[in-house]
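Reader: I would like a close look at the way helices pack against one another in this protein, with the angles, the handedness and the residues in contact. Please go on from there to any arginines whose surroundings or backbone angles deserve a comment.

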Amino acid sequence: MESERTEDEVLRRLYRGLRERRLPQDVAVDLVELRADRWLSAAGVRDLYGLMHRARAWRTAQDAGEIVDGTIGSSMPQAWRRHPGLARAYAAATTAMAVVAAAVGESVPAADPADPASLRAWLGWALRLLGLPDEEPRPARPTVRRRPVPVTWYGGTYHRLPKPSGARGDRGGHVDARKRMDAATRRERLPGVSVRAYRRAVRAVLHLQQRTGVLAAERDREAAVAFGKTRLAHLVTEEEFMACPATAAFTAYYVARLNMRTTFTSGSQARPMDSLAEALLEGALASPTCQPRVLASVLTRWRVLDMLSDAECGELLGRYYEQMAACARALRRCFDVNRDRLRMVVRAGDDSSTWNAASRAFNQARTGWLNLTRSLGYDDLVEASCPGKVPALVAADVAAWHAREGHDQHIDVRVWAELPLPWDVVLGDADCPAELVRQVCRRHGVDPETSGWTQPYQQDLTELPEPAPDLVHGVTVSSPLLASIMRRAGVYSGQA
């Protein structure tokens, strides 16, 4: 039988969960152990214990090898997918460079193989020593837009983008190896280094440079995913989190709700704010030790922002705008200038994962920025520059499902198609005043205030607490245990 944990131990477990993908029902079990019923209303206690009982019933049945109604559990990873770093490539490059550095009496500097900035600093040293140009390499593949080619299949004709020829990265991604030193220069600058050792170091360093570009892009994607799901929860310190148990309870549960996976449906997704989260928020705001900075890191409601000073709101405003600018740069890189903006459906060649992660993070940062500008009274700023929302790329099968049911794409797609590109507005390359947004919204019968175009988006209804279903690529499964076995066997991927 498990021994009872202290309050600090439970809070530390909840804090670690901010960087994981825990299920709401698992957090509810910890909140019961934290005795969150001390600051909850009767309805909140009912919701909390209802979630806890269903989670414990599933755990008991799972331990016994039984299957319980198949609605809760998890066969998917509880941690975010993260690039492991370039330890092997860095070790190979370090070993090769040690021979070259010894010839000139230099020591090989250290670098963090999981940090692109640290690797780039190391690469600058290595490229200089090898006599290679220290400049931004060409892309691994040509950036020239490819023309769609017609393809006939079962009597029908459609167009797709042709795949690039050649191995990945054979046309760039690193500096030109042909610019290495000639024999005379090498003997003068690197005496005692054989041509074989020199060329081995060049190959290892250029390979590491190419891989570092991939790592940097992956780190940007991970940051966009983290912000799009959990806002600024990764910036909360453990001391601030543990200073108020009521604030910690709401933050942990709300982050778990934010992290819920999307379901494969033609309807709307579950909203993050449910009645239990509302009750936990009320308890946190009423607590004498309330930490509004922690609450504002995941929820920018005006009630929360009113508890912050102008300086703290200004700091948050800067953070949200910088995040919006980072997402704007990622969206600009992903956007196809030849795309029909009225048709936001995934096509062959689209990097939908990066686009959807960046668009979700952009919209969340935009909502937080609008909330903070209103809280600080900067209405004139929004009136002068109001970037639009960015729609996600919809999978073709979901789009076909919508069309079969007689539905069209969301009306917001028509509004976004007539407005200047949001990333151009954020980065200062285009103007988009709020009045222009209102005119376009009225033209399409959209209320710009309630739909989140000129005012912060507000959840229109409060969900009832429900355990998160076990999903395989958005589809609820009847047996999480069988789904786990099939995922481990490689029947389908298990990326979080």
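Author: What follows takes the helix pairs in turn and then moves to three arginines. The model is a predicted one, in which local features need pLDDT of at least 70 and side-chain atom pairs count only at pLDDT 80 or more, while totals for chains, interfaces and linings use all residues. Residues are numbered from 1 along each chain as its sequence is written, and side-chain values use heavy atoms, with hydrogens and water left out.

The protein has 20 helices and four strands, where helices (H or I, at least four residues) and strands (E, at least two) are DSSP runs numbered from the N terminus. Of its 496 residues, 46% are buried, a term that stands for under 20% relative accessible area, with exposed meaning over 50% and partly exposed in between (1.4 Å probe, protein chains only). Among contacts between residues at least 6 apart in sequence, 73% join residues at least 24 apart, contact meaning heavy atoms within 4.5 Å.

The pair formed by H5 (residues 116-130) and H7 (residues 195-230) packs at an angle of about 155 degrees, with the axes 10 Å apart; axes here are lines fitted to C-alpha atoms, for helices over the stretch in contact, and angles run from 0 to 180 degrees between N-to-C directions. H5 and H7 are therefore roughly antiparallel to each other, since angles over 145 degrees count as roughly antiparallel, under 35 as roughly parallel, 65 to 115 as roughly perpendicular and the rest as oblique. H5 passes H7 in a left-handed crossing, that is, one in which the near helix is turned anticlockwise from the far one by less than a right angle, clockwise being right-handed. On the H5 side the contact includes Leu119, Trp122 and Ala126, and on the H7 side it includes Val205, Gln209 and Arg219. The residues of this contact divide into 15 nonpolar, three polar and two charged, with Ala, Val, Leu, Ile, Met, Phe, Trp, Tyr, Cys and Pro taken as nonpolar, Asp, Glu, Lys and Arg as charged, and the others, Gly among them, as polar.

H5 also packs against H4 (residues 87-103), at an angle of about 35 degrees and with the axes 11 Å apart, and this crossing is left-handed as well. Tyr90, Ala93, Thr94, Met97, Val100 and Ala101 of H4 meet Leu119, Trp122, Trp125, Ala126, Leu129 and Leu130 of H5, a set with eleven nonpolar, one polar and no charged residues.

Toward the N terminus, the axes of H1 (residues 7-17) and H2 (residues 24-33) come within 10 Å and cross at roughly 160 degrees, so H1 and H2 are roughly antiparallel. Val10, Arg13 and Leu14 of H1 make the contact with Val27, Asp30, Leu31 and Glu33 of H2, which by class gives four nonpolar, no polar and three charged residues.

Turning to the arginines, Arg35 lies in the loop between H2 and H3 (42-63) and has a positive phi of about 65 degrees. Most residues other than glycine have a negative phi. Arg231, in the loop between H7 and H8 (238-242), likewise has a positive phi, near 55 degrees, and is buried at a relative accessible area of 12%. Arg374, in H14 (residues 352-376), counts as buried at 17% relative accessibility; its side chain reaches the backbone oxygen of Thr454 at 2.9 Å, and the residues that Arg374 touches include Trp302, Asp379 and Pro456.

Note on methods: A polar contact is a pair of N or O atoms within 3.5 Å; within protein, one must be able to donate a hydrogen and the other to accept it, and residues adjacent in sequence count only if both atoms are side-chain atoms. Lists of a residue's contacts leave out its neighbours within four places in sequence.
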